[in-house]
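Q: I should like to learn how contacts, burial and pairing are read from a set of coordinates. Could we work through one case together?

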Number of protein chains: 2
Amino acid sequence: MEKEGLRAIATQSALFSGLSDELAELLLSASTTRQLEKGVVLFHQSDAPERFLQVVSGLVRMTQISAEGTQTTLRIMRSGDLVGCVCVLQQFPYPATATVVEEAVVLSWRSAQFLDLVKRHQAIMENTLRIVGRYTKEMVERIGDASLKNVERRIAAALLRLAAQAGRQTEDGFELQFPITRDDLAEMAGLTYFTVSRTLSLWQKQGLVSSGRQRMTVFMPDQLAEIAYGRKQTAACLRGPNSGKSMQRPI
Amino acid sequence: MEKEGLRAIATQSALFSGLSDELAELLLSASTTRQLEKGVVLFHQSDAPERFLQVVSGLVRMTQISAEGTQTTLRIMRSGDLVGCVCVLQQFPYPATATVVEEAVVLSWRSAQFLDLVKRHQAIMENTLRIVGRYTKEMVERIGDASLKNVERRIAAALLRLAAQAGRQTEDGFELQFPITRDDLAEMAGLTYFTVSRTLSLWQKQGLVSSGRQRMTVFMPDQLAEIAYGRKQTAACLRGPNSGKSMQRPI
DNA sequence: CGTCACCTTGATGGATATCAAAAACCGTGG
DNA sequence: CCACGGTTTTTGATATCCATCAAGGTGACG
């Protein structure tokens with residue numbers, strides 16, 4: 001990617017949002033640009049945070065490995081997303097492994113250098129805080145998804161997340177932009193790939209999705225959302241009538 | 001609580017950390033103090049964020065309700081914790097309901113007022129960012145816990161979280177400071193209270209814990225941690241030998 | 001001392017993991 | 001172009017674990 005194109009894309013992102021030209025220039029010039037092919041690992045779970053990255057193009061997958069040895073995809077990062085930001089700010093070990101799943105261009109800052117910039121410039125800190133906040137919100141939503149018991153719901157929720165993070169809208173619906181296996185989905189939903197396969201077969205018959213080898217298109221996202229989050233038989237209202245104090249299981 | 005005692009406790013927290021005396025005074029004086037009895041709801045899930053709170057004393061429980069209508073306890077907040085901070089900063093609806101589970105004193109800022117303070121004072125923003133970051137980290141860990149399939153692991157993980165957030169160390173181990181039912185634990189672990197009861201009975205026989213009616217003491221936290229996170233039969237190594245690029249399931 | 005909420009334990013069923021085997025798909029190299 | 005091998009996917013049979021249902025016990029509190 002030529003230098004100007006990169007600059008144009010990078011400076012449109014949330015991290016650069018609202019910065020003065022000089023400040024944006026300063027931030028950009030402190031970074032190095034890297035082009036990374038599919039399969040490259042940016043960092044490993046539990047590594048010390050040395051670098052802070054912004055995805056300019058391509059896709060990066062964040063995966064966590066559990067105590068049981070099973071991998072879980074936390075989310076897919078794409079253009080504009082910050083990778084490893086929380087860890088760099090807090091000097092925590094990375095909680096997940098970052099792998100390129102579609103050839104990517106990233107901006108990269110050394111940990112200490114970025115910390116310095118953040119501390120020195122209020123506007124950068126403000127942007128960082130906003131991004132971290134959004135990330136937190138997504139994690140909280142993901143916890144909600146993980147607590148779903150119904151299998152179809154979990155798969156639907158996982159698919160919708162993926163579509164939002166790495167989907168391309170086509171005439172038919174959302175198409176996932178990178179090769180996704182049944183096993184990947186199973187990981188995200190906390191199931192086996194057998195169960196995922198059976199469920200997808202069912203949905204395919206119903207015309208909800210189309211899926212082949214490492215390929216996935218969601219035809220009817222609305223209906224998927226209905227499956228995932230829709231009130232069905234379990235019509236427990238999200239909010240009781242008691243809006244004031246008390247009740248709500250006063251434990 | 002008398003005014004001076006409150007001030008002493010509040011200004012020791014992470015939010016006030018490193019602030020100049022004047023700034024701390026400014027921040028403190030912008031807040032109102034509220035004493036809340038058990039059962040009071042600070043805000044409901046999906047409410048617009050009107051207030052931002054710091055717990056000074058007591059305990060507040062954050063619970064989320066899923067699409068299936070099941071409640072999940074996200075975490076217990078105690079002295080020094082910020083409640084609703086992310087939402088206020090981003091103007092997101094609260095993702096969870098906050099309920100007092102042990103008589104609490106909280107500082108409360110109006111949303112707009114706190115936003116103003118944060119924007120105006122770098123030091124406050126820095127503290128906020130740090131706190132939000134820590135919160136994010138906990139949520140990511142929680143996602144890992146939620147992906148555990150083994151029942152004992154999930155219960156152990158939930159108990160350890162609770163002990164860390166609301167446990168008091170006694171001569172015997174960690175004792176939970178507020179009434180906790182089997183059902184509460186079941187929620188946190190994504191199980192039924194029958195299963196929790198059976199598991200706790202087993203652990204009690206083994207001397208790991210002692211639990212009665214709404215009461216819970218962990219005698220051997222190390223062993224619980226071993227159950228939750230210990231490598232057992234599934235000795236899948238956390239990090240493969242390939243530390244450089246490539247591999248790691250190049251999808 | 002009765003009532004209510006919480007807890008325990010047993011029996012059963014159902015959903016999903018597991019095991020097994022074959023089919024579809026893709027890249028590769030003859 | 002076609003045959004081959006490996007990977008992914010599908011489908012079926014079985015086993016297992018946990019939710020569900022049922023019944024009774026226990027402790028707290030009026």
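A: Let us begin with a definition: contact means heavy atoms within 4.5 Å. One caution applies throughout, namely that this is a predicted model.

Q: With that cut-off, which residues does Ser66(A) touch, not counting residues up to four places away in sequence?
A: Ser66(A) touches Ser147(B) and Leu148(B). In chain A, Ser66(A) itself is found in the loop between β3 (51-65) and β4 (71-77).

Q: Is Ser66(A) buried or exposed?
A: Buried means under 20% relative accessible area. Ser66(A) has 11% relative accessibility and therefore counts as buried. Its side chain also has a polar atom 3.0 Å from the backbone nitrogen of Glu68(A).

Q: How is a nonpolar core to be read, and which residues touch the most other members?
A: In soluble globular proteins, nonpolar side chains tend to be buried together. Here the largest nonpolar core has 102 residues, and those touching the most other members are Leu15(A), Trp109(A) and Trp109(B). Leaving aside neighbours within four places in sequence, Leu15(A) is in contact with residues including Leu27(A), Phe52(A), Leu82(A), Trp109(A), Phe114(A), Ile124(A) and Ile131(A). The contacts of Leu15(A) also include Gln54(A), Asn127(A) and Thr128(A).

Q: How should strand pairing be read, and how many bridges join β3(B) to β4(B)?
A: Two strands pair if DSSP finds at least two bridges between them. Strand β3 (residues 51-65) of chain B is joined to β4(B) by six bridges, and the two run antiparallel. One such partnership links Met62(B) with Arg75(B) in β4(B). The two strands form a hairpin with five residues between them, and in the turn Gly69(B) has a positive phi of about 90°.

Q: How many residues of β4(B) are buried?
A: In a regular strand the side chains alternate between the two faces of the sheet. Strand β4 (residues 71-77) of chain B is mostly covered, with seven of its seven residues buried.

Q: How does one describe the surroundings of a nucleic acid strand, and which residues are closest to DNA strand D?
A: A residue is near a strand if one of its heavy atoms lies within 4 Å of it. By that criterion 19 residues surround DNA strand D, the closest being Arg182(A), Ser197(A), Val151(B), Phe194(B) and Thr195(B). Of the atoms of DNA strand D that come within 4 Å of the protein, sugar and phosphate account for 58%. The surface near DNA strand D comprises five nonpolar, eight polar and six charged residues, and α8(A) supplies the largest share, five residues.

Q: Which polar contacts does the protein make with DNA strand D?
A: Among them, a polar side-chain atom of Arg213(A) is 2.9 Å from a base oxygen. An N or O atom in the side chain of Arg198(B) is 3.1 Å from a base oxygen of DNA strand D. For Thr192(B), the partner is a phosphate oxygen of DNA strand D, at 3.0 Å from a side-chain N or O atom.

Q: What surrounds DNA strand C?
A: DNA strand C is surrounded by 18 residues, the closest being Val151(A), Thr195(A), Arg182(B), Ser197(B) and Gln214(B). Here 62% of the DNA atoms within 4 Å of the protein belong to sugar or phosphate, and the rest to bases. The largest share of this surface, five residues, comes from α8(B).

Q: Where do polar side-chain atoms of Arg213(A), Arg198(B) and Lys149(B) lie relative to DNA strand C?
A: A polar side-chain atom of Arg213(A) lies 3.3 Å from a base oxygen of DNA strand C. For Arg198(B), the corresponding partner is a base nitrogen at 3.0 Å, while for Lys149(B) it is a phosphate oxygen at 3.4 Å.

How values were computed. Residues are numbered from 1 along each chain as its sequence is written. Chains are lettered from A and ligands numbered from 1 in the order in which they are written. This is a predicted model: local features need pLDDT of at least 70, side-chain atom pairs count only at pLDDT 80 or more; totals for chains, interfaces and linings use all residues. Side-chain values use heavy atoms; hydrogens and water are left out. Buried means under 20% relative accessible area, exposed over 50%, partly exposed in between (1.4 Å probe, protein chains only). Helices (H or I, at least four residues) and strands (E, at least two) are DSSP runs, numbered from the N terminus. A polar contact is a pair of N or O atoms within 3.5 Å; within protein, one must be able to donate a hydrogen and the other to accept it, and residues adjacent in sequence count only if both atoms are side-chain atoms. Ala, Val, Leu, Ile, Met, Phe, Trp, Tyr, Cys and Pro count as nonpolar, Asp, Glu, Lys and Arg as charged, and the others, Gly among them, as polar. A nonpolar core is a set of buried Ala, Val, Leu, Ile, Met, Phe, Trp, Tyr and Cys residues joined through side-chain atoms within 4.5 Å.
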